[in-house]
Amino acid sequence: MKRKQQIIHRAINENILTENLTAVGIMDFDGLKKTVTDAYQAFPENFQHTFAVKANALVEVLKALREYGMGAEVASPGELKIALAAGFTTNEIIFDSPAKTLGDLRTCIKNNIAINIDNLQELARIDQLMLEYPNTQSIIGFRVNPQIGGGNISSTSTATATSKFGYALADENNRQALINIYQERPWLKSIHTHSGSQGCALSLMAEGIKVITELAEEINTTVGTQQVTRLDIGGGLPVNFSSEDVTPSFQEYAEVLKSAVPLLFSGKYQVKTEFGRAIAAKNGVIITRVEYTKNSGGRHIATTHAGAQIMTRTAFLPKSWPLRVTGFTCSGVQRTAENSAVVVTDVAGPCCFAGDLICVEKPLPKLTVNDYVMVHDTGGYYFSNHFDYNSLPRIGVYAVSGDNDNLQINCIRRADSLEDVLNKM
Ligand SMILES: *Cc1c(COP(=O)(O)O)cnc(C)c1O
């Protein structure tokens, strides 16, 4: 918490919270760099890590991740645009959408962007395009659904029997059919799986990766050469939202993978990963101001400016996506049981529906008007969300870097006030 304490002091000293009136998102770039370094140190050299852009689609964040050595995984024209703006070259980008148009596929193949094929209809389109672009450098492979089952959050479980993603490997004789497909197409050089995201156990993820590794071996044996050279094992490393601890670590994941699928660590295959949440989440916080407090039915309620508009998952699925909060006084002193009475609290957002809550029925040191609330682990899939990139999110985003005693803080996305909105009309 020491660094976070420094971050809130700096934000207060530089009037950042006041200027934005409402809420800010802050990314710790030193933290990001350390996280990427941890990922590279946990795995051998044949592993190359890409970042799932949907987890944090801020150009400045992506620029930094590229500098730290990551590639980019994208699934929409908007994400591609953002990745290119951040400096990624086409051969550093993997395009993964399950709904690629013919135009999308042509663009990728023409520009050497790697693609993971979702289904046989998509394959038929690519077969046609390969006649037009026989010399493409695009690394192409199937996204395989190993159908190994889900974790405890259904909306992020991608490897169930009926998942919408990928080619269902365990159905009827699909496995043999896929081996034949690879045998007939020497340009199929990769196999991809993304076994699941938050809520999936490491052992479940490793099981899915084992399935595609064995499939690659079988294809290569059938063909008689190493046609499949790349295994794209997806992202999905879960994040601990309940404390400051980073668990599981990349090291723990690497150990589980190594014992389940030692071949991945032999250097025989180029291994791509597509981490999103595990890179971004713990390196970002939201800081918002308490606008009002009240007591309703015995519950202490603190109304802030951060709710469903930037914490959509938490507001709609609070049991699956609980977030941790810490209160600070307006001068930046952390509220603790020592300096404030602990009361059962709901921390609410500004949206006009009852479920717009950051946390519910939490015993918290009592928050008062003009306090700040820090919402932890929100560096991925929260304020950085690009789905409403152009719809004037009322939240500025800041980058911090440097030593705790000498933090730099810089704006990377401005928040718009009502005044700005009127002036732009
Ligand atoms: C979302 C996604 C990821 C990243 O998932 P995380 O749980 O954030 O690591 C990786 N690959 C694909 C194909 C995805 O859709």
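## Exercises on a predicted model

Glu 172 sits in the loop that runs between strand E7 (167-168) and helix H8 (174-184); helices (H or I, at least four residues) and strands (E, at least two) are DSSP runs, numbered from the N terminus. Residues are numbered from 1 along each chain as its sequence is written. The model is predicted, so local features need pLDDT of at least 70 and side-chain atom pairs count only at pLDDT 80 or more, while totals for chains, interfaces and linings use all residues, and side-chain values use heavy atoms, with hydrogens and water left out.

**Exercise 1.** Determine whether Glu 172 is buried or exposed, and describe its backbone.

*Solution.*
- Step 1: take the cut-offs, which are under 20% relative accessible area for buried, over 50% for exposed, and partly exposed in between (1.4 Å probe, protein chains only).
- Step 2: Glu 172 has 78% relative accessibility, so it counts as exposed.
- Step 3: phi of Glu 172 is near 35°, a positive value in a residue other than glycine.

**Exercise 2.** Carry out the analysis for Asp 377, starting from its place in the chain.

*Solution.*
- Step 1: Asp 377 is in the loop between strand E17 (372-375) and strand E18 (396-401).
- Step 2: its phi is positive, about 60°, although Asp 377 is not a glycine.
- Step 3: the relative accessibility of Asp 377 is 1%, so it counts as buried.

**Exercise 3.** Find the peptide bond geometry between Thr 247 and Pro 248.

*Solution.*
- Step 1: Pro 248 is placed in the loop between strand E9 (230-232) and helix H10 (250-260).
- Step 2: omega from Thr 247 to Pro 248 is near -5°, and the bond is cis.

**Exercise 4.** Describe the surroundings of Arg 289 and Thr 293.

*Solution.*
- Step 1: Arg 289 belongs to strand E11 (residues 284-289), and at 17% relative accessibility it counts as buried.
- Step 2: the side chain of Arg 289 makes a polar contact with that of Glu 291 (2.6 Å); such a contact is a pair of N or O atoms within 3.5 Å, where within protein one must be able to donate a hydrogen and the other to accept it, and residues adjacent in sequence count only if both atoms are side-chain atoms.
- Step 3: Thr 293 belongs to strand E12 (residues 292-296) and is partly exposed, at 28% relative accessible area.
- Step 4: leaving out residues up to four places away in sequence, Thr 293 touches (heavy atoms within 4.5 Å) His 300, Ile 301, Ala 302, Leu 367, Thr 368 and Val 369.
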